[in-house]
Each structure stands twice: as structure tokens, then as C-alpha cells.
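Visitor: I should be grateful for a close look at one part of this model, followed outward to whatever surrounds it. Please keep the account connected rather than itemised.

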Amino acid sequence: MEKGKIMITMPDGTVDEVEEVISFQFKDTNKQYVVYTRNEVDEAGNVTIYVTEMVKDEKGTRFVGISSEDEWNKIKDALRALANQN
Amino acid sequence: MKENIVVLPSNMTNMATQSSEARKIKVRDGNFKGLQKASMDTVTVQKPLEQPTPVAEFEGITLRQEKPVTTPYSFERKPEDTPKQVSTDVVPDIKAPSNLGDVSLRLRKMAVTSNPDSYKGKLLLYTVSKLDDLDKQVSSLKESISSDNAVLEKLEAAKSIEDRDLRKLSGVTEAVTDSTYAGLEIHTDRSSDEDPMALANIELSNIRDGLANIKAILESVKARIDKLNDKCNEIKLKIAKTETAINNLLQSKVDLCNKVLTDKLPAAEEADRLTAARKQQENNFRKADGEYAANIEMLIGKFEFADSKDETNPFNQLREEQTGSGRAA
């Protein structure tokens with residue numbers, strides 16, 4: 001397995017290989033999120049990234065999406081901060 | 001409000017199952033690279049309204065907004081916006097006892113076939129009149145519920161329209177925010193003498209004004225929705241209370257029927273039986289009295305015939321008393 005690569009088993013059973021961009025956790029909720037990409041770039045040069053909550057339990061590691069718009073807005077704020085911290 | 005995030009080590013996971021679709025977002029290449037490079041342990045994130053957020057980079061210069069563009073409204077309604085729940089101490093549905101109709105009908109039939117002059121008949125007629133009265137009250141309350149439901153339906157329809165408007169406006173806000181990046185990118189591509197930074201700041205100023213207008217509209221829509229929610233909840237509460245009242249009336253019907261069948265009716269039947277027995281006894285007594293009087297007459301007649309002049313004859317004395325009392329009467 002290459003570094004930064006994640007094999008995702010999709011709901012239809014297909015396996016998709018993606019590239020991890022960053023993983024982070026909110027301290028207040030302890031929820032963990034993974035940001036990954038399929039390196040899709042549009043004509044304007046924008047890169048498409050995917051964000052999902054990551055849950056690890058006895059069933060293994062599961063990507064469960066983002067449940068609410070409030071959570072999504074909070075994540076976007078976090079992504080802006082992370083992207084501009086350097 | 002500050003919220004901390006912790007950057008997790010890369011390669012924390014290399015296999016996963018996607019159970020729900022991930023959110024997709026496009027980012028500028030610079031931001032993408034920034035995300036890839038982010039490695040510090042803890043980052044403090046502030047909401048854009050509190051801290052200017054970098055919105056674009058131009059030839060190594062980071063442009064910042066004086067008042068940052070933000071997405072202040074989510075598409076989803078916040079918990080405090082959700083309709084207040086109807087108090088749970090009210091009964092939500094009308095639950096008539098399953099056998100109430102049968103019992104009520106049985107009493108009505110008995111009332112028709114009973115002697116209206118008997119205790120049982122009178123009791124049953126009174127019971128039927130009470131049941132009719134309760135039925136009228138239930139019907140009236142049900143009509144009130146129908147009317148309230150019609151109003152509620154109209155309010156819900158109005159709320160749905162306002163909700164749709166709210167979503168549309170939220171979408172506009174999102175679109176305007178997203179266009180911030182796009183607009184700035186366009187400026188970077190322009191090959192004119194105009195100062196791209198000044199243009200960008202004008203652009204941002206326009207966007208801020210647009211967002212402020214949208215925000216005002218959004219807040220008025222939200223206020224209208226809140227009012228509609230309050231009104232809906234008020235009516236829902238009223239309906240629930242009416243349903244409780246109906247349930248109480250139905251329970252009164254059940255109690256009345258049970259009391260009549262198990263207590264009052266047997267007592268009325270016993271009273272009727274005793275009355276009949278008393279009447280029978282009175283009849284018997286009257287009959288016996290008549291027979292006795294006839295016998296006396298017969299005996300008097302015999303002695304009168306035998307010796308009507310003998311005043312010492314006790315039977316003649318008795319006859320005198322009888323006829324004298326008869327005359328006196």
C-alpha cells in the first residue's frame with residue numbers, strides 16, 4: 001500500500017483507490033474526518049476534494065458522510081483555516 | 001466561538017467502507033496544496049465573522065476581507081428553529097373504547113322495548129338522553145377539530161412556501177460566497193493596467209453588500225416562519241386538548257353505560273319486581289276483603305231471614321250496625 005492511499009469499498013461493492021489529503025478531529029466532538037481526492041481538476045484548475053466523517057469500531061473503519069449542514073459549515077471553516085495556516 | 005481541531009497523522013487508515021456519501025467541494029489549487037501541507041498538531045479555527053478569512057492569493061499576496069464573506073445561514077433549520085413539540089401530557093388521538101358502540105346500542109334497544117312507566121324504562125330513557133347529550137358534545141368538538149385542521153393545513157402550506165424561499169435564499173448566499181473565489185480568479189487572469197487588488201476589493205465590497213441584503217431578507221423570512229410555527233403549535237396544542245376532551249366524553253359514556261348496566265339497571269329491575277309484588281299483594285288483599293264482606297252479607301242475610309225481629313239476636317245487632325253505619329255513611 002502506497003503512503004496516503006486509501007482503498008474504499010463503496011456501497012455497491014466496488015473498491016475505489018483515493019488519495020488522502022488530510023485527516024483531522026474536532027476536539028469538542030471527538031469526531032474524526034478524512035479529506036481525500038481523486039485528483040479531479042476542472043478547467044479553472046480547481047481540485048475536487050471529498051470530506052467524510054470516519055468511524056472506527058468493531059465493524060472496521062467506515063466513512064459515514066456528513067450528517068448536517070451545521071457540521072458541514074464547521075468543516076468548511078476548518079478546511080479554510082487548515083489550507084491557509086502555512 | 002473558538003473550536004479546536006487536531007490534525008491526525010496521515011495513513012491512519014488505508015482501508016475503509018463508504019456507508020454514506022462523502023461531501024464534495026472544489027478548492028483552488030493553492031488551498032489544496034495548503035491542506036496537503038497542513039501538519040501542525042492543533043489549529044484554532046474561528047468563525048469567519050470573528051476573524052478575517054483569506055479568500056484569495058494573488059501573485060504571492062494574500063487578500064483578506066475587512067469584513068469576511070461568510071455563509072451565515074445553513075440550509076437546515078437550526079434546533080431552535082424547529083417547531084416546538086406539542087406537550088406530551090395530552091392524548092394525541094381519539095380512542096373510543098371498542099365495545100362502546102355495542103353497549104350504547106344495546107341500552108337504546110332496551111329503552112325502546114321497556115315499559116316507559118317502569119323504573120327500568122325511566123332509567124333507560126334517562127340514560128339514552130344522557131348518551132345523546134354526550135354524543136352532541138363529541139360531534140361539536142369533532143367539528144372544531146376539523147376546522148382547526150383546515151387552518152393548520154393552510155398554515156403548513158404557507159410555512160412550506162416560506163421554507164422553500166429560505167432554501168432558495170440560502171442557495172443564493174452560498175452561490176455569492178463561492179463566486180468570491182471565482183471572481184478573484186478572473187481578475188488574476190486579466191491582462192489590463194487596472195490594479196487587480198483594487199478590483200478585488202471592489203468585488204468583495206459588492207459581495208458584502210449583496211450578502212447584507214440577502215441576510216436581511218433571510219431574517220425576515222425566518223421571522224415569518226417562526227410566527228407560522230408558533231401559530232401551528234398553538235393550533236396543534238388546541239387540537240390535542242380537544243381530543244383529550246373528546247376522550248374524556250367517550251370515557252364518560254363508557255362509565256355511564258357500565259354504571260347503568262352493572263348497578264342501576266339491576267336496582268331498577270328489583271324495584272319494578274317489588275312494585276309488581278306489592279301490587280299483586282294489594283290485589284290479593286282487595287280480593288280477600290271482597291270475599292270477606294260478601295260472606296258477612298250472606299250470613300247477615302241468613303239471620304235476617306231466620307229471625308228478623310229478634311233484637312237480642314247478635315246477628316240482628318250486627319245487621320243494625322252495618323245498615324246504620326251504611327246510612328251514616
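Guide: Leaving aside residues up to four places away in sequence, A:Thr61 touches A:Met54, A:Lys56, B:Thr13, B:Met15 and B:Ala16. The model is a predicted one, and this set of contacts, which includes residues of chain A and of chain B, is a convenient place to begin. A:Thr61 itself belongs to strand β5 of chain A. The residue counts as partly exposed, because 18 other C-beta atoms lie within 10 Å, whereas a buried residue would need 20 or more.

One of the partners of A:Thr61, B:Ala16, leads to a pairing between the chains. B:Ala16 lies in β2(B), where A:Ile8 stands opposite this residue. The strands concerned are β1(A) and β2 of chain B (residues 15-18), which pair in the parallel sense over three bridges. A:Ile8 also provides a link back to the starting point: the C-alpha atoms of A:Thr61 and A:Ile8 are separated by 9.7 Å, although their positions lie 53 residues apart along the chain when counted as a separation in sequence.

The wider contact between the chains may now be considered. In total, 55 residues of chain A are in contact with 45 residues of chain B. On the side of chain A that touches chain B, at least two residues come from each of β1 (5-9), β2, β3, β4, β5 (60-63) and α1. The greatest contribution is that of α1(A), with twelve residues. Sorted by class, this side of chain A comprises 26 nonpolar, 17 polar and twelve charged residues.

Chain B also brings a helix to this account. In helix α1 of chain B (residues 29-37), the buried residues are B:Asn31, B:Phe32, B:Gly34, B:Leu35 and B:Gln36. These buried residues pack against β2, β3, β4 (47-57) and α1 (69-83) of chain A, and also against β3 (23-27) of chain B.

The elements of chain A named so far have a simple order. Chain A holds one helix and five strands, and from the N terminus they run β-β-β-β-β-α. Of its 86 residues, 36% count as buried. Among the contacts in chain A between residues at least 6 apart in sequence, 12% join residues at least 24 apart.

Two asparagines of chain A deserve a remark on backbone geometry. Most residues other than glycine have a negative phi. A:Asn30, not a glycine, nevertheless has a positive phi of about 60°, and this residue lies in the loop between β2 (15-26) and β3 (32-41) of chain A. A:Asn30 is exposed, because 8 other C-beta atoms lie within 10 Å, and the limit for an exposed residue is 12 or fewer. A:Asn39 likewise has a positive phi of about 60° without being a glycine, but its place is in strand β3 of chain A. A:Asn39 counts as exposed because it has 10 C-beta neighbours inside 10 Å. The C-alpha atoms of A:Asn39 and A:Val18, 21 residues apart along the chain, are separated by 8.4 Å.

Terms used. Residues are numbered from 1 along each chain as its sequence is written. Chains are lettered from A and ligands numbered from 1 in the order in which they are written. This is a predicted model: local features need pLDDT of at least 70, side-chain atom pairs count only at pLDDT 80 or more; totals for chains, interfaces and linings use all residues. Helices (H or I, at least four residues) and strands (E, at least two) are DSSP runs, numbered from the N terminus. Two residues are in contact if their C-beta atoms, placed from the backbone, lie within 7 Å. Ala, Val, Leu, Ile, Met, Phe, Trp, Tyr, Cys and Pro count as nonpolar, Asp, Glu, Lys and Arg as charged, and the others, Gly among them, as polar. Two strands pair if DSSP finds at least two bridges between them.
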